[in-house]
Amino acid sequence: MKLNREEVLHIARLARLGLTEAEITRFGEQLSNLLEHFQVLQQVDTEGVPPTAQSVEMKSVMRDDVIAPSLSPEDVLANAPRREDDCFRVKAVLEE
Amino acid sequence: MPYTIHEAHELLKNKKISSVELTKAHLERVRQAEPKVKAFVTVTEKLALEQAQQADKAIAAGKAGPLTGIPLAIKDVICTKGVRTTCSSKMLENFVPPYSATVVEKLNAAGAVMVGKANMDEFAMGSSTENSALFVTHNPWDLDRVPGGSSGGSAVAVAAGEACGALGSDTGGSIRQPAGFCSVVGLKPTYGRVSRYGLVAFASSLDQIGPLTQDVTDCALIMNAISGHDKRDSTSVPEPVPDYTKSLKNDLKGMRLGVPKEYYVEGMQPGVADLMKKALKKLEELGATLQEVSLPHTPYSLAVYYIIAPSEASANLARYDGVKYGFSYNGDTMWDSMEKTRQHGFGPEVKRRIMLGTYALSAGYYDAWYVKAQKVRTLIRREFDSAFEKYDALITPTSPTVPFKIGEKTDDPLAMYLSDVCTLPINIAGVPAISIPAGFVDGLPVGMQIIGKHFREETLLRVAYAYEQATGWWRKKAVV
């Protein structure tokens, strides 16, 4: 279970996580070691066993859609790194 | 001065002390102890004194509830309106939430006083509080050792007498392991028992909020205040909330306790094993019947946990994009800004888990890793279910070792992960568990873990209380 450099870069890109050269090497080694340890799961017979997503039996929870006050735009934008009027300001999303 | 909550309540109710006096005494203790232990990210002195004045008015009007005027610490992963909530991360170092968590609203309504926000492993990922991006917290029993984690600051605030009690969060042991390492009481409630609205999400199928306190009675009092359904958290369960103080009884007659042998294995320090033997004998003397039981899938818990928790974390932490709040790197393009925001905003352990989780969820690996882990999770859960057909509770150590030295495990993720080996299965199954002081090995604390059925916190509290009253370990206080 050895992750190569391309695989590490691929995962980092999926996660939109910038990594330094040192991190690429270190995470490659550490993740490989951990995954090797986690291989023990392959020994477990799970034929016919359903997966558990959460541990308490509950069905989808719905509630009535009742109109109620929400946070004010000022509150919502108070932590914004960059804003313009009542909007979050971001760099161009669509590239040429 | 380290009054328990119920002791302080008696003094407040009988006007022997005011909440302002009690709060000032704790703030003074914070000033003395903080340079050595560093439990708090933010000390909210002004707010605390305002809340104490309000509490004194309520007490004068004869409206003193069990938590009115009581100084508490809140883990810095729980949102507090107007008070910065950092998750001990550079990413949220200056984040001021626009709303409070439900548990904070409930404590406010109960008249509690908040002395500050407690340090933790960044985004609650860790077992020693060394992953805080801000600073390291020290164990009051030995300042060269870790307090455990991730709720290390909460446990230390209680152990060092800086607060009467605290709230923490527990995803794989983050309340119980530091409680054990600091000789305080820590409860992880059943999944769904306490609302998580306003808890910054780490692994949503595992996270729970719970109390850290000096004794079991205080644990019951905080549980009474924070439990219950919340329409803002669709995973909270609409089960009625009992009065948890009613389960504090002094004997264990008729109680059937299981001792799962997989928790007493290699890697366990001999001193811890000896203390556990004595603890089991004490439980028998109190009237319980003890029997060895086997939960054969226990050894797979570590792998299951470290696939499921990072997978959920990788999705939850996708929100930190530098756009809406938090640290933001102003790069050349949108993608560049996002990647560098996450590169510079997250610390090494958070990055490691995001990478691990992203890998386990990625195309081609999802079935082999994530779904496989979820299936083994079912087997672990079923084992607990069948054990609880025969036993009222299960007894294990909280950790296989006493608190380790600061720096001892920071270079070896797997060694660090292994320190949670006794607490991880409980979150996987979603059942409740409590850690209570069980004695000391060479002056260092050891915790005993009591595990119960879904929504049977009362059983845990009963066993914990009877043991606590018979041993009194909690009375021994760290000197800082």
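This report walks through a predicted model of two chains, A and B.

**Two chains side by side**

Let's start with the overall build. Chain A carries 3 helices and 2 strands, and from one end of the sequence to the other they run α-α-α-β-β. With a radius of gyration of 23 Å, well over the 12 Å that the globule rule gives for 96 residues, chain A is more spread out than a compact globule. Chain B has 15 helices and 11 strands. Its radius of gyration is 21 Å, which agrees with the value near 23 Å for a compact globule of 480 residues.

Here are the chain-level values next to each other.

| Item | Chain A | Chain B |
|---|---|---|
| Helices and strands | 3 helices, 2 strands | 15 helices, 11 strands |
| Radius of gyration | 23 Å | 21 Å |
| C-alpha extent along the principal axes | about 55 × 45 × 25 Å | roughly 65 × 50 × 45 Å |
| Residues that count as buried | 17% of 96 residues | 62% of 480 residues |

One more value fills in the picture of chain B: of its contacts with a separation of 6 or more, 76% are between residues 24 or more positions apart.

**How chain A meets chain B**

The two chains touch through 42 residues of chain A and 51 residues of chain B. On the chain A side, α1, α2 and α3 (73-77) each put in at least two residues. Helix α2(A) gives the most, with 7 residues. Sorted by class, the side of chain A that touches chain B comes out at 29 nonpolar, 9 polar and 4 charged residues.

**The helix pair in chain A**

Two of those helices also meet one another. The axes of α1 (residues 5-14) and α2 (residues 21-38) of chain A come within 10 Å and cross at roughly 105°. An angle from 65 to 115 degrees counts as roughly perpendicular, and α1(A) and α2(A) are therefore roughly perpendicular to each other. Who does the touching? From α1(A) there are A:R5, A:V8 and A:L9, and they meet A:I24, A:F27 and A:G28 of α2(A). By class, that contact has 4 nonpolar, 1 polar and 1 charged residues. The spacing along these helices is worth a look, since an α-helix has 3.6 residues a turn, so residues three or four places apart point the same way.

**Domains of chain B**

Chain B is divided into domain 1 (5-254 + 392-475) and domain 2 (299-374). Taken over C-alpha atoms, the centres of domain 1 and domain 2 of chain B are 27 Å apart. Their contact draws 27 residues from domain 1 of chain B and 22 residues from domain 2 of chain B. On the domain 1 side, helices α13 (413-418) and α14 (424-429) of chain B each supply at least two residues. That side of domain 1 has 17 nonpolar, 7 polar and 3 charged residues.

**A covered helix**

Within chain B, helix α7 (residues 216-226) is mostly covered, with 10 of its 11 residues buried. The buried residues include B:V216, B:L221, B:I222 and B:M223, and also B:D218 and B:T217. Just after α7(B) sits B:G228, with a positive phi of about 125°.

**Backbone oddities**

Most residues other than glycine have a negative phi, and most peptide bonds are trans. A few spots in the model go the other way.

A:D85 is not a glycine, yet has a positive phi of about 50°. This residue belongs to the loop between β1 (83-84) and β2 (87-88) of chain A. Is A:D85 buried or exposed? A:D85 has 7 other C-beta atoms within 10 Å, so it counts as exposed.

B:F123, also not a glycine, shows a positive phi of about 55°. Its place is in the loop between β3 and α5 of chain B. Here the surroundings are crowded enough to pass the cut-off of 20 or more neighbours: B:F123 has 29 C-beta neighbours inside 10 Å and therefore counts as buried.

The loop between β3 (113-118) and α5 (152-159) of chain B also holds B:S150. The peptide bond from B:G149 to B:S150 is cis, with omega near 10°.

Notes:
Residues numbered from 1 in each chain as written. Chains lettered and ligands numbered in written order. Predicted model: local features only at pLDDT ≥ 70, side-chain atom pairs only at ≥ 80, totals over all residues. Axes fitted to C-alpha atoms, helices over the stretch in contact; angles between N-to-C directions. Helix = DSSP H or I, 4+ residues; strand = E, 2+ residues; numbered from the N terminus. Parallel < 35°, antiparallel > 145°, perpendicular 65-115°, else oblique. Contact = placed C-beta atoms within 7 Å. Nonpolar A, V, L, I, M, F, W, Y, C, P; charged D, E, K, R; others polar. Rg over C-alpha atoms; globule rule 2.2 N^0.38 Å. Buried ≥ 20, exposed ≤ 12 C-beta atoms within 10 Å, placed from the backbone. Domains from an automatic or database assignment.
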